[in-house]
Amino acid sequence: MSYLEDTIAAIATPPGIGGIGIIRISGPLAEEIARRIFRPKKPISHLKSHHFYYGHIIHPENEEIIDEVMVVLMYAPHSYTGEDVLEIHCHGSPLVLKQVLELSLKLGARLAEPGEFTKRAFLHGRLDLSQAEAVLNIIQARTERELQFATRQLQGYLGQEIKRITDCLREFKAHLEVAIDFPEEEVEIAPLDAWLPRIENQVLKPIKRLLQAYSRARVLREGAMIAIVGKPNVGKSSLLNCLLKEDKAIVTSIPGTTRDIIEDVLNINGMPIRVADTAGLHKTKHAIEAIGVERAWEKIAEADIVLLVIDVSRPLDKEDKEIYEKIKEKDIILVLNKSDLTPKIDEKVLNKEFKDLPMVHTSALYGQGIEKLEQTIYHHLLGKDVSIPSFIPTLRHKQVLERAIEVINRIKEAMVDGLPAVFISVEVKEALDILGEIVGETTSEDILEYIFSQFCIGK
């Protein structure tokens with residue numbers, strides 16, 4: 001019996017006691033199992049598709065009533081899996097659900113594997129692979145925004161975008177095949193370099209937009225990590241308190257008050273951001289301070305953005321410059337704190353030392369410039385285009401898209417160098433195969449098994 005000829009069954013609701021529990025059965029035996037274990041309250045000749053019926057589940061051998069239920073039978077292809085699907089809505093007793101499931105297994109069904117119902121929906125063409133992954137994302141969504149992204153992906157928006165890209169590549173491949181098959185015939189075809197703008201605008205740019213959407217949405221979905229750094233007594237703890245709008249960190253005029261990481265979460269325009277106040281970065285022989293400084297460097301390594309705090313009421317000194325030199329490879333926002341005091345640093349000096357870093361003037365003591373700093377952080381994390389994408393690729397999609405870009409760039413180079421059409425055609429086929437992995441057209445069995453193994457049994 002082949003894989004899709006099996007009838008599968010599983011409990012579709014979470015473990016534990018609840019008001020309702022659902023047994024889901026999919027496959028050619030679904031209707032027969034319903035006939036053998038379900039007794040409707042009112043006699044009927046057959047179960048109509050997509051109609052709920054009230055009655056009892058009985059043991060087929062002794063007709064003992066097991067539970068009072070509602071059942072619905074959905075005939076293929078108009079079901080979640082594309083097969084005949086039976087759902088039995090029982091009382092949410094684990095014992096009842098176990099007995100009903102065991103009856104189904106005795107009557108010819110087998111226990112479903114994790115994600116097998118959704119895998120069957122994919123194999124029957126009800127969902128492409130990106131939509132199947134969206135089902136898992138909906139189940140695992142922790143925030144409203146995650147749920148919104150997953151729902152849009154389930155509607156097929158990512159698959160539609162990939163189709164537009166691959167349609168262009170297929171048309172280009174057909175054009176190349178004509179050039180290959182009729183090299184000396186009088187067949188009028190456009191020169192290859194005429195395709196360069198289309199490859200750029202209809203293939204490369206859309207892929208890059210999808211990758212940008214991943215980067216923006218990852219931050220929106222998962223949040224970001226920000227480390228507040230600087231030498232001692234520049235106002236890092238006061239800045240943390242201003243951002244959090246509470247006295248989280250102890251603030252004194254004594255340098256080195258903060259000796260450990262103080263961390264909390266703030267919300268900027270719906271974006272969760274972990275912000276950490278670190279110990280002042282300086283050389284010290286004090287054992288406890290040294291540990292604090294070491295932990296500060298560890299937090300800096302983790303951070304998506306570093307807020308480098310400079311006290312503008314004091315001249316820029318060697319310590320400020322040394323800290324910048326050690327972190328200059330990070331994404332930095334320069335925070336010019338204590339701007340309520342007379343400045344001792346010339347703007348030209350700042351521009352020279354810190355080049356093109358975004359700068360925000362603040363006074364943590366009086367809460368000035370904090371709103372501007374929040375907006376700078378938000379725009380810095382999302383880029384110039386801060387619009388929220390309607391759908392996002394997953395990490396798997398991102399890796400596929402990055403591979404596709406490498407091939408598309410090789411195609412462009414080959415066209416510019418005037419390489420033969422047969423060579424370019426091979427590269428175009430590789431690009432199509434790579435992009436096909438997103439929607440499941442060319443995905444290996446190993447990848448499919450990995451994706452669906454992440455689902456729970458019953459989905």
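**Figure 1. Lys321 and Glu353 form a salt bridge in this predicted model, with 3.7 Å between their closest N and O atoms.** The pair connects distant parts of the chain, since Lys321 belongs to helix α10 and Glu353 to helix α11 (residues 347-354), 32 residues apart. Lys321 is partly exposed, its relative accessible area being 34%. Glu353 also counts as partly exposed, at 25% relative accessibility. Elsewhere, Asp6, Glu83, Arg110, Glu116 and Arg120 are joined into one network by salt bridges that share partners. The structure holds 26 salt bridges.

**Figure 2. Salt bridges within helices α10 and α6.** In helix α10 (residues 318-327), Glu322 and Lys318 are 4 residues apart, and therefore about one helical turn separates them. The closest N and O atoms of this salt bridge are 3.8 Å apart. Glu322 is partly exposed at 32% relative accessible area, whereas Lys318 is exposed at 62%. In helix α6, a salt bridge joins the side chains of Arg164 and Glu161 (2.6 Å, N to O). These two residues are 3 residues apart in the helix, so they too are separated by about one helical turn. Arg164 is exposed, with 51% relative accessibility; Glu161 is buried, with 14%.

**Figure 3. The open sheet of 6 strands, in the order β9-β10-β8-β11-β12-β13.** The pairing in this sheet is mixed. Strands β9 and β13 (359-361) stand at the edges; each has a single partner strand, so one side of each lacks a neighbour in the sheet. From one strand to the next, the twist averages 25°. Strands β11 and β12 are paired in the parallel sense over 6 bridges, and Ile310 stands opposite Leu336 in β12. Helix α12 packs on the sheet and touches β8, β9, β10, β11, β12 and β13. The direction of α12 makes about 170° with that of β12.

**Figure 4. Helix α8 (residues 236-244) is mostly covered, with 9 of its 9 residues buried.** The buried residues include the polar-named positions Lys236, Ser237, Ser238 and Asn241 as well as Leu239, Leu240, Cys242, Leu243 and Leu244. Among the elements that cover them are β8 (224-229), β9 (262-268), β10 (271-277), β11 (305-311), β12 (332-337) and α12 (370-382). The helix lies across β8, β9, β10, β11 and β12, and runs at about 155° to β10. Lys245, which follows α8, has a positive phi, near 60°.

**Figure 5. The largest nonpolar core, which has 32 residues.** Leu169, Phe172, Ile207, Ile408 and Ile411 are the residues with the most contacts inside this core. Helices α6, α7 (196-222), α13 (395-416) and α14 (421-439) each supply at least two of its residues. Leaving out residues up to four places away in sequence, Ile411 touches Phe172, Ile424, Glu427, Val428 and Ala431. Another core, of 28 residues, lies apart from it and includes Leu244, Val275, Ile305 and Val335.

**Figure 6. The open sheet of 7 strands, in the order β3-β4-β5-β6-β2-β1-β7.** This sheet has mixed pairing. Its edges are formed by β3 (38-40) and β7 (110-111); each has a single partner strand, so one side of each is left without a neighbour in the sheet. Strands β3 and β4 pair in the antiparallel sense over 3 bridges, and Ile57 in β4 is the bridge partner of Phe38. Helix α2 (residues 94-106) packs on the sheet, where it touches β1 (8-11), β2 (18-26), β4, β5, β6 (85-92) and β7. The direction of α2 makes about 155° with that of β6. Helix α3 (residues 116-123) also packs on the sheet, touching β1, β2 and β7, and its direction makes about 140° with that of β1.

**Figure 7. Two buried loop residues, His59 and Gly156.** His59 is found in the loop between β4 (52-58) and β5 (65-74). Its relative accessible area is 18%, and His59 is therefore buried, the limit being under 20%. Beyond its neighbours within four places in sequence, His59 is in contact with Glu64, Ile66 and Leu103. Gly156 is found in the loop between α5 (144-154) and α6 (157-181). At 6% relative accessibility, Gly156 counts as buried. Its C-alpha atom is separated by 8.3 Å from that of Leu127, a residue 29 residues apart from Gly156 along the chain.

How values were computed
Residues are numbered from 1 along each chain as its sequence is written. This is a predicted model: local features need pLDDT of at least 70, side-chain atom pairs count only at pLDDT 80 or more; totals for chains, interfaces and linings use all residues. Side-chain values use heavy atoms; hydrogens and water are left out. Buried means under 20% relative accessible area, exposed over 50%, partly exposed in between (1.4 Å probe, protein chains only). Contact means heavy atoms within 4.5 Å. Two strands pair if DSSP finds at least two bridges between them. Axes are lines fitted to C-alpha atoms, for helices over the stretch in contact, and angles run from 0 to 180 degrees between N-to-C directions. A nonpolar core is a set of buried Ala, Val, Leu, Ile, Met, Phe, Trp, Tyr and Cys residues joined through side-chain atoms within 4.5 Å. A salt bridge is a side-chain nitrogen of Lys or Arg within 4 Å of a carboxyl oxygen of Asp or Glu.
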